[in-house]
Amino acid sequence: MAYIYSEVSRTFSEYLLIPNLTTENCTPDKIDLATPLVKYNKGEESSLKLNIPIVSAIMQSVSNDTLAIALARCGGLSFIYGSQSIESQSEMVRRVKKYKSGFVVSDSNLTVNSTLKNVIDLKNKTGHSTIAITDDGTSSGKLLGLVTTRDYRISRDPLDKKVQDFMTPFSKLVVGKLGISLSEANDIIWEHKLNCLPIVDENQRLHYLVFRKDYDDHKQNPYELLDNNKRLVVGAGINSRDYEERVPALVDAGVDVLCIDSSDGYSVWQKKTLEYIKSNYNIPVGAGNVVDREGFLYLAEAGADFVKVGIGGGSICITREQKGIGRGQATAVIEVAQARNEYFEKTGVYIPICSDGGIVHDYHIVLALAMGADFVMMGRYFARFDESPTKKVKSGNGYVKEYWGEGSNRARNWQRYDLGENQNMKFEEGVDSYVPYAGKLRDNLETTLNKIKAAMSSCGSATIRELQETARLTVVSSTSIIEGGAHDVILKEKEY
C-alpha cells in the first residue's frame, strides 16, 4: 500500500506570523538581510552570500543579462536561463561580468595608426567612449595615449584622421602604478578630477582602467553584490543533459554559481551532473527541486551547495494539474528545513535552501524565511519589470508583460522535465500568460524589502537567522484570511 502522509499539505497563505517583542536592536533601519547562498562548515562563513534573500527564476521570460545586472546592483542574484544555446547564455554571463568593475581590463583598444572611423566603429560596437591606444592595439600593450569623445568632433574632423593626431598622449595622462589599491586609485581620480585612470606597470604596459563612474555608481548602490574583483555576481542555470559542454563555457565566461534546473531534482541525473562538476571544476552548484527530507538528503550527499525546494507552486506551473506531483510550498519548506538542520547537526555542514514558487504576496517571503528558507526564488515577480526580457503589451487602459513557463510549448525546455527518455515534450507542464506591467525593478524591490524589514521588526528579529530561530507562526482559517483584508467597507477610488 502506498504511504499516505497524515498531515495536510499547506501553502504560505495558510499561515500568519505572531509578533515578538520589538526592541531598539531590530527596528527596520537595523535589519540585516544578508544570507548564505552556498554551503559552509560549522564555525565558518559561506564563501558566497546574498545581500538580500532574493534570486530570480531560471526562466526565458525572467532572467537575462539586463535583469541580472539590475538585481545584482540591488543585492540579489539572477540565474540566467539555460534553455538557450551555450553561446548565447555564456555571452549573457560575460555582459554581466563586464558591466561594472573596479579594475577593468580594457576591451576597447586601437593603435596610433588607427583612424577616427575606427574609433567611431569601435565605440558603436562596444558602447565604450574611452579607448586605450597601445603599441600593438591590445589591452596589455604599451600605453601610448587615450581617446575619449572630448578628443574629436565628428562634425569637423575627417574620418581618415589618424589617432596619433588627436589622442591625449601618455605624457599628458595621469596614471596609477600597478599594485595600488582601488581606494588609492579613486583618491587619484578625485584629486586630479579625472574620469578614467589607467593602471600601468614599470614598462608602461597597460593592465587596467579605473573609472570615476564606477565609484559614483557604487555609492548609489551600496548593497550591490560584487565578487573579489568588484564585478557583479551572476549565476546560470544548467540541465542534466549537456552539462559537459555547457559548464566549461559558463566557467570561461566568468559565472559565479550554477544551478541545475529541473522540475524534479530527486533523480540520478542530478547526482551524475553534480559529481561531474565537483570532479572537474571549483564552482558552487545548487540542485533541485525537491519537496521532502529524502530528496534533500539525496542531493546533499551528492554534493549540492544549496537545494531548491518546490514542485508545482509557480504561478505558471501546472505540474500538479498534469501529473499530480507536488506539495504545498509551506509544508515542503518546513520539512526540508528540518532535514537541513538535522544534517547540519550530524555533519557540521550547513546547506542553504531556496524556496522556489508559491510566493503570491510580499509577506510570503518572510514566511518562507521564518520556516527555514535562506532565500527565495521568484519568476512572476520579476517578469513584470522593465528589465525582464519580455515584451510590454497594451491591454485596456494599462500594460502587461508576457510571461511563460519553462514547461510550456513556447519555451520547449524539455531538459527541465527530463526523465531519461527521448528529446521531446509529450505534454505541457507550464502555461503562456501575461502579468501586469509594474515599471522598474529597483522601485518595486525597494517596497518589497521595506515590507520584509517591517515584518521582521515586528517579529523581533534583526537577522534572517534570528527570524528562523525565534519566529512564531499560526495556521489561519479561510475566514481569518478574509478578515485580514479590507472588508465591510466601500473603498474609495485611488487618486494618482
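## Helix 13 and its surroundings

Gly 460, just after helix 13, adopts a positive phi of about 70 degrees. The model is predicted, so that local features require pLDDT of at least 70 and side-chain atom pairs count only at pLDDT 80 or more, while totals for chains, interfaces and linings use all residues. Residues are numbered from 1 along each chain as its sequence is written, and side-chain values use heavy atoms, with hydrogens and water left out.

Helix 13 covers residues 441-458, and because its 18 residues should span 26 Å at 1.5 Å a residue, the 26 Å between its end C-alpha atoms agrees with expectation. The buried residues of helix 13 (under 20% relative accessible area, 1.4 Å probe, protein chains only) include Leu 445, Leu 449, Ile 452 and Met 456. The buried residues of this helix pack against strand 5 (54-56), helix 1, helix 11 (363-370), helix 12 (380-383) and helix 14 (464-470), where contact means heavy atoms within 4.5 Å.

## Helix 1 against helix 2

Helix 1 (residues 65-73) packs on helix 2 (residues 86-99) at an angle of about 35 degrees, the axes lying 9 Å apart, and the crossing is right-handed. From helix 1, Asp 65, Ala 68, Ile 69 and Arg 73 meet Met 92, Arg 95, Val 96 and Tyr 99 of helix 2. These contact residues divide into five nonpolar, no polar and three charged.

## Glu 335 in helix 10

Glu 335 belongs to helix 10 (residues 329-347) and counts as buried because its relative accessibility is 12%. Apart from neighbours within four places in sequence, Glu 335 is in contact with Tyr 5, Asp 292, Arg 293, Glu 294 and Arg 327.

Definitions and conventions
Axes are lines fitted to C-alpha atoms, for helices over the stretch in contact, and angles run from 0 to 180 degrees between N-to-C directions. Helices (H or I, at least four residues) and strands (E, at least two) are DSSP runs, numbered from the N terminus. A crossing is left-handed if the near helix is turned anticlockwise from the far one by less than a right angle, and right-handed if clockwise. Ala, Val, Leu, Ile, Met, Phe, Trp, Tyr, Cys and Pro count as nonpolar, Asp, Glu, Lys and Arg as charged, and the others, Gly among them, as polar. The expected span of a helix is 1.5 Å times one less than its number of residues. Buried means under 20% relative accessible area, exposed over 50%, partly exposed in between (1.4 Å probe, protein chains only).
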